[in-house]
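Trainee: Please take a close look at one part of this structure for me. Start from a single residue and work outwards.

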Amino acid sequence: MPTLPSALAMDGENYLHPEGPQLDSSLFSVATSNMEPQRTQSAPEEEEDAEEEETEELGHVDTYAEYRPSKSTIGISHPDIVVETNTLSSVPPPDITYTLSIPEATINRGLLSALQLEAIIYACQQHEVILQNNQRAGFLIGDGAGVGKGRTVAGIILENYLKGRKKSLWFSISNDLKFDAERDLKDIDAQNIPVHALNKIKYGDTATSEGVLFATYSALIGESQAGGQHRTRIKQIIDWCKPDFDGVIIFDECHKAKNATSTKMGKAVLDLQNKLPRARVVYASATGASEPKNMIYMSRLGIWGEGTPFRAFDDFLHAIEKRGVGAMEIVAMDMKVSGMYIARQLSFSGVSFRIEEIALDNDFKLVYNKAAILWAEALQVFMRAADELGLVSRKSLWGQFWSSHQRFFKYLCIAAKVRCLVELAQKELQAGKCIVIGLQSTGESRTREVLDENDGHLDRFVSAAEGVFQSLVTKHFPSEKQRREKAPGNKRKRKPRGRQPKVPKHTMDSGGVINISDDSSSDSDGMDTDSNSSPDSLLDNDDVIFVNHTSCQTARIEEMKQGLLNKIAMLGKELPLNTLDELIDKFGGPDKVSEMTGRKGRVVRCLDGSVRYESRAEQGLTIDHINIKEKDRFMGAEKLVAIISEAASSGISLQADKRVKNQKRRVHMTLELPWSADRAIQQFGRTHRSNQVTAPEYIFLISELAGERRFASIVAKRLESLGALTHGDRRATESRDLSKYNFENKYGTKALDKITKAILGHIENKVPPPKGYPGGDATFFRDMKHGMMDVGIFCRESRFGISTEKDCSITKFLNRILGLEVHKQNYLFQYFTDNFDYLIEKDKKEGKYDMGILDLAPGNDEIYEEKQETFLTVGNPQDGQVVLYKISVDRGMPWEEAFNRSLKLSGPDEGFYLSLKLRGNHPCVLLAEQGRGKHLIVYKPNIGKQTHPESLDNLQQRYRKSTPEEARDSWENQFTFSFKKCSHANWNGKCKKIEEGQECLQGMRLRQYHMLCGALLRVWKRVSDVVSDITSSSILQIVRLKTKQHNKQVGIKIPENCVARVREELLQMDEEVKRRRKEREQQAADLRLVEERNRKMEQENKHLLANLFNPKPMLNHSLVRSLPQNQISQQQRLQIVLFAAVYDRTHGPTPSPLRAYSHITACPALGSRFSLSTCSVHLLEAV
């Protein structure tokens, strides 16, 4: 069974992602053949058997384990079942040394559950640690939606407040969540801690005293020029904290601070952490560590930087990305062991989901196809106009064109499902349930455009799709104005105007050009980053625009534009309306529907049937508060339908909570799945949370357009692995190998390259085109070639004919093909996936496929730990350790087990088989059981169950059916013989490899593995260098196993031939650590000695100190004078110091009573406040 994306390995797998599918390959892993292609070459049929057997060894088991705190014992258990990924559950957290200050009453009343308290303890414990760069260590809470991150964070703030740290910073993604922060604090009885919203405080004002300063990430980059002063929010925050701030900074939903290098916001997050080195930082995000590149802002984890194996973040990123699939899991385990990370998720048991496939009706297909044809025509018109104008700067033009293209088809896809969704929802409402509908986009911008055009009046529902197309043509059609307009901030160099250049399509003339340097990428937010991809321009990157045009030309351009607009208006009559407005209308208007989105207004139907636009704001409520109000109406059962968008989906709770009036079962329907499985789980976390009466049902609505089914199955798979049940069509979510749907990897890129070349006729492709295309293969290739030109994937170039657009990524491909007619995109997508599957199969056969985390000997209980060696590793700041295990696995199947299994078989082809040829003195024997289709599952005495099924025909060529009596002798003989001998010794009486002094494991029952576990991140580089040195493969296979003693382990499988070198490397490191440790201990001992001596002296001179502070001191200066300076012992010197101090105090020029005391305490040599001996010299000088 495929492994699961853990809380750590999940970011993204849908089309329509701003940067394309953000897929982490560690999401999926596949059981396949063993990766050690050490085969013998004795005879062809032996080779066949070898093939069958050596594929054993690695596989998959279930992926989540139920979670209970292992070291923390306080608190009442969490109200719901919580799980943790198998990999994480195989390592323990560190021991607890921290003592909580949270009052007993809060704990005993269950205001914080045991899980939440555990996270608070580990966070506060980690905050005691100072990293080697002198910053305080941070903590990452990776709990999934619904585990109660908010309360955990409130608990951390309360704990620090009770310890006297009264100021905290809380960053989140929207100002609405301030109310949730207040609620969380109130829930744990900490309502006395005030929460101040930064957006309500004037710039420069730092008057608010203590409490929580709540701000959004975007506020971090806020600045104001009011009153002629330049003020920034970040400076205001730092002034409020003061530089020596040691309170808490919470980065909530911190994945929003992604791209710290490229975005201002990310830079500000890093900047704030650097300016407040002693702050106690907590990162909280369900998807925090899913992708290594998102961790750049987590500088306080101490994984990279001084004293770690990785000098800078880039080194860490490169190491992890190079290491292939399971590396992020190792990072997560390392973080958990080190006490800086905790990640639990709500189990989805009780939740059910189904996938509803919506057949597109013919009318819709007709409209879709018309739209696809019109967009292809628009592309040609845009190109003609740009050529006519001699526009060479097409970067921003194509950026706008393709992002509109993508949005248009996205709206169209969603609109196709509205009718079906409403029918399904009405049925569920009649059954006494309530509905939550998840959307990604609201289409508001289009409605506002129509409003502006009509001076604020609207008398019809607007089509979002039509709007996107229309505004593209009105605003961005190539024009005179475009070439005159100055891009903001761009310097312009004018050359003298020469004669009007005659410009063939692909040349540049130096006459009459304007150069514009343009870095601005003009894609609209969240869209296909297609900015510099014109379908046929080689002159893209240098923005050069030609000048000098005639008015007759302008007229021609205007005519083209008008023609297009007229066609769009014609098509617009058939296009579906804005999804959100239509949904609300179909459910009976705003009085029946709670809308929680980011939009400001909506189009509604009045009682008389007319339509008007109205603002969403209500009397006395700002737009910020509307969503909260709507949520309360839904939870209070005033409304039974809720619609949530991406904007509202973080942090809002809509579950059937035991504390609210509306406890009907929630049915959560998604019209469009988000861009990634993470986001989907985040959205489902709105309706599936702790403390609910019933678990929700999920319905995914998917159409038959290319790719939708695939993406739904990714999310379904994730839900299934979290324990959800599927209803309805079982096939829709069959647990097939999910890597099939992760296209954003090297196989996807190769497959895309292959199909584009095959369609252009540059190569002969081994994968045939899909069967059943109208007109056969030749027509398929011809149509696809035209289709790919229509959506700009192929471009016609004067010099090379047709070629593929540069930088055409998988994402771009999946987004663009939505612009093909329905049947074409489905066939093209099929052709692409066929190629994709072929490439993966090919790599699996050649042993090159990186399989993620695999289970060693799955389904086998006979796993023993034979020996373990422990080595110390360098840490930041604590040292860790790794353990090298030697594991042995007995994978054979004894006769009794085989015989009992055979008794349950009844099929005609099932039962025992003997080979037609003798091997040694006995035939080979196996037990066959009916599998899927015509395949048989095979068991052998020496290897147990064979990984790959056999086809019946293949089996009958080499084996004959036999009775159990006949088979028994051979079975028992082979079982015994293969315990420690290879198949060749069994077959031929001897083995070439063993005679040559090598090792041969072919077909042996007992297998031995070496496995390295523990703080792997710290030794990763060293081990991988050794392994790649010897095996020339940089992949370290990560494996999991459960031994007979029920110990779970996850670690790196060390190839047999590398064990000795790896052991040497580890020993060397172990010695380094021990040496350092010794040095540190010696230093500490020396320091203790000095302190002890000082303490003794202080004791002995108590009376002198007393005299120092006595209001009527004795005058001892005469004694001081009488001591000869050259024979003063240490003890006497100390007394002199004190006497001198007293003398100074009574006879000094400034009779300040504590002047001498200040000499003592300010002495630079002081170790502790009264370490007099070390500072006596300074004091004598001072006195």
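Mentor: Start with Arg1018, which counts as buried because its relative accessibility is 17%. Buried means under 20% relative accessible area, exposed means over 50%, and partly exposed lies in between (1.4 Å probe, protein chains only). A word on the source: this is a predicted model, where local features need pLDDT of at least 70, side-chain atom pairs count only at pLDDT 80 or more, and totals for chains, interfaces and linings use all residues. Residues are numbered from 1 along each chain as its sequence is written, and side-chain values use heavy atoms, with hydrogens and water left out.

Now find the partner of Arg1018. Its side chain meets that of Asp334 in a salt bridge, 3.8 Å from N to O. The two residues come from distant parts of the chain, 684 residues apart. Arg1018 sits in the loop between strand S37 (1006–1014) and helix H31 (1020–1031). Asp334 belongs to helix H10 (residues 327–338). Asp334 is buried as well, because its relative accessibility is 5%. A salt bridge here is a side-chain nitrogen of Lys or Arg within 4 Å of a carboxyl oxygen of Asp or Glu. Helices (H or I, at least four residues) and strands (E, at least two) are DSSP runs, numbered from the N terminus. In general, side chains of opposite charge can pair when their charged atoms come close.

The structure holds 52 salt bridges. Set two of them beside the first. Lys235 pairs with Asp239, their closest N and O atoms lying 3.0 Å apart. These two are separated by about one helical turn, because they are four residues apart in helix H7 (residues 233–241). Asp239 counts as partly exposed, because its relative accessibility is 35%.

Next, Glu595 forms a salt bridge with Arg602, with 3.5 Å between the closest N and O atoms. Glu595 and Arg602 are both buried. Salt bridges with shared partners join this pair into one network with Asp581, Arg599, Arg612, Glu614 and Arg616.

Go back now to the stretch of chain around Asp334. Shortly along the sequence you meet strand S12 (341–342). An open sheet of seven strands runs in the order S6-S7-S5-S10-S11-S4-S12, with parallel pairing. Strand S6 (195–197) and S12 are its edges, each with a single partner strand, so one side of each has no neighbour in the sheet. Two strands pair if DSSP finds at least two bridges between them. S12 runs parallel to strand S4 (residues 139–141), joined by two bridges. Across that pairing, Leu140 stands opposite Tyr341.

Step inside the sheet to strand S10 (residues 248–252). Five of its five residues are buried, so the rest of the structure largely encloses the strand. Both faces of S10 are covered. Val248, Ile250 and Asp252 are buried on one side, and Ile249 and Phe251 on the other. Four bridges tie S10 to strand S5 (residues 167–172) in parallel. Ser168 has Val248 as its bridge partner there. S10 also runs parallel to strand S11 (residues 280–284), over five bridges. In that pairing, Phe251 is matched with Tyr283.

A further open sheet, of three strands, has the order S2-S3-S13 and antiparallel pairing. Strand S2 (64–66) and strand S13 (345–346) are the edges, each pairing on one side only. Strand S3 (residues 82–85) runs antiparallel to S13 over two bridges. Val83 faces Gln345 across them.

Last, look at strand S33 (residues 935–940). It pairs with strand S32 (residues 922–930) in the antiparallel sense over four bridges. Ala928 stands opposite Val938. S33 also runs antiparallel to strand S35 (residues 950–951), joined by two bridges. His935 stands opposite Ser951 there. Another two bridges join S33 to strand S34 (residues 944–945), again antiparallel. Tyr939 has Lys945 as its bridge partner in S34. S33 and S34 form a hairpin, with three residues between them.

That completes the tour, so return to where it began: the buried Arg1018, in its salt bridge with Asp334.
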